[in-house]
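Visitor: Please take me through this structure, one question at a time.

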Protein chains: 2
Amino acid sequence: MKERGLLIVLSGPSGVGKGTVRKELFSQEDTSFEYSISMTTRKPREGEVDGIDYFFKSREEFEELISQNKLLEWAEYVGNYYGTPIDYVEKTLSEGKDVFLEIEVQGALQVRNAFPEGLFIFLSPPSLSELKNRIVTRGTETEELINNRMKMAKEEIVMMDAYDYVVENDHVKLACERIKAIVIAEHCRRERVAPRYKKILEVE
Amino acid sequence: MKERGLLIVLSGPSGVGKGTVRKELFSQEDTSFEYSISMTTRKPREGEVDGIDYFFKSREEFEELISQNKLLEWAEYVGNYYGTPIDYVEKTLSEGKDVFLEIEVQGALQVRNAFPEGLFIFLSPPSLSELKNRIVTRGTETEELINNRMKMAKEEIVMMDAYDYVVENDHVKLACERIKAIVIAEHCRRERVAPRYKKILEVE
């Protein structure tokens, strides 16, 4: 029996650049994990290809999959459904390959419930670490701007709690390097490696 | 106040190649952690320089440091003392830099007690993962050889339990890449990042 792959979930606040990081990752040759294509009921945009950018489905087809529990996570945005087909994820993991999802925070929470052993990475806006400087050098920005940013930052920090890792999206390429390092490191975790070795010895 | 650096401990069974991996790591320009030089009472070998390869001390000086609790870990091998001066480690960590130790397994257990928050990496012989093939293709090796290897492997797996990560030393450069990935990943762990962000917000 093959060892199962890792489920890698990249999420974070909207606008943080999840899609850009995902595209950069999958344009790099040494990226060793498989991208799980999302399913949607929205119409394809110019240049988008079914089965590459998304699986494009009708509302009826999508709702049928929901009722059959065939989606690992799903949500409705602005009148369209978006979701992750569970079959591809299960099949790829059972082949021993790592699967990568790039999804919204509500979706990530659904996946966490179904796959607590998954690898949850929170992509954080670079401004969070810049916040301190802004506060310290108060005067260059208005009180209202700082207070708004503080409120958002507090919400982002609460979101983080459901994740294993936080990757700052200061530069897209740096963020990708950190994500790949996290995947390599996770494959070296003793809790994952030792049982494999123990199984080898049980052959005796 | 600066955030403390990480204490990285590389250890593993004798003969696994810890020294070779450490030398390769510190010959690479992008290695971002500081090497903690060991202290010893053995005589310098041809070409070894005090303060670079080791801190060379007399037995009296070494025993004085032991009695003053100035060593993070120490042991006696073949009539000579070897140990890690605690001052350098503490100073470097408090400057926010990561410190790297390459030590024997008994030493690593001493450090684990003093620094449970450290990063403990077990360097494992590549033969452990080859073991299964050897068992499966029995006949190419004697029963005695396989049994000896099995016994050693069982001891190695017991040793692993005190570590966070297991890095297979199949190729020195690959082992170095994994170690550097582990350090990058650990800096992204939510348990390390979130408190930093929370502290920023407490400034308010």
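Guide: A contact, or touch, here means heavy atoms within 4.5 Å. This is a predicted model, in which local features need pLDDT of at least 70 and side-chain atom pairs count only at pLDDT 80 or more, while totals for chains, interfaces and linings use all residues. Residues are numbered from 1 along each chain as its sequence is written, chains are lettered from A and ligands numbered from 1 in the order in which they are written, and side-chain values use heavy atoms, leaving out hydrogens and water.

Visitor: Which residue of chain A offers its backbone oxygen to the side chain of K18(A)?
Guide: K18(A) sits in helix α1 (residues 18-27) of chain A; helices (H or I, at least four residues) and strands (E, at least two) are DSSP runs, numbered from the N terminus. Leaving aside residues up to four places away in sequence, K18(A) touches several residues, including L10(A), E102(A) and L123(A). A polar contact is a pair of N or O atoms within 3.5 Å; within protein, one must be able to donate a hydrogen and the other to accept it, and residues adjacent in sequence count only if both atoms are side-chain atoms. At 3.0 Å, the backbone oxygen reached by the K18(A) side chain is that of G12(A).

Visitor: Is K18(A) buried or exposed?
Guide: Buried means under 20% relative accessible area, exposed over 50%, and partly exposed in between (1.4 Å probe, protein chains only). G19(A), also in helix α1 of chain A, has 23% and so counts as partly exposed. K18(A) has 6% relative accessibility, so it counts as buried.

Visitor: Which strands stand at the edges of the five-stranded sheet of chain A?
Guide: Two strands pair if DSSP finds at least two bridges between them. The open sheet runs β2-β7-β1-β8-β9 in chain A, with parallel pairing. Two of these strands have a single partner each, so one side of each lacks a neighbour in the sheet: β2 (34-35) and β9 (165-168) of chain A.

Visitor: At about what angle does α1(A) run to β7(A)?
Guide: β1 (residues 7-11) and β7 (residues 99-102) of chain A are joined in parallel by four bridges, and V9(A) has L101(A) as its bridge partner in β7(A). α1(A) packs on this sheet, touching β1, β2, β7 and β8 (119-124) of chain A. Axes are lines fitted to C-alpha atoms, for helices over the stretch in contact, and angles run from 0 to 180 degrees between N-to-C directions. The angle between α1(A) and β7(A) is about 155 degrees.

Visitor: Within what arc do the buried residues of α1(B) fall?
Guide: In helix α1 (residues 18-27) of chain B, the buried residues are K18(B), V21(B), R22(B), E24(B) and L25(B). They line one face of the helix, because seen down its axis they fall within a limited arc. That arc is taken over the directions from the helix axis to the C-beta atoms. Its value is 165 degrees.

Visitor: Which exposed residues does the opposite face of α1(B) carry, turned away from the buried side?
Guide: The buried residues of α1(B) pack against several elements of chain B, among them β1 (7-11) and β8 (119-124). The face turned away from them carries K23(B) and S27(B).

Visitor: How many residues of β8(B) are buried?
Guide: L119(B), I121(B) and L123(B) point one way from β8(B), and F120(B), F122(B) and S124(B) the other way. In a regular strand the side chains alternate between the two faces of the sheet. β8(B) pairs in parallel with β1(B) over four bridges. Of its six residues, the number buried is six.
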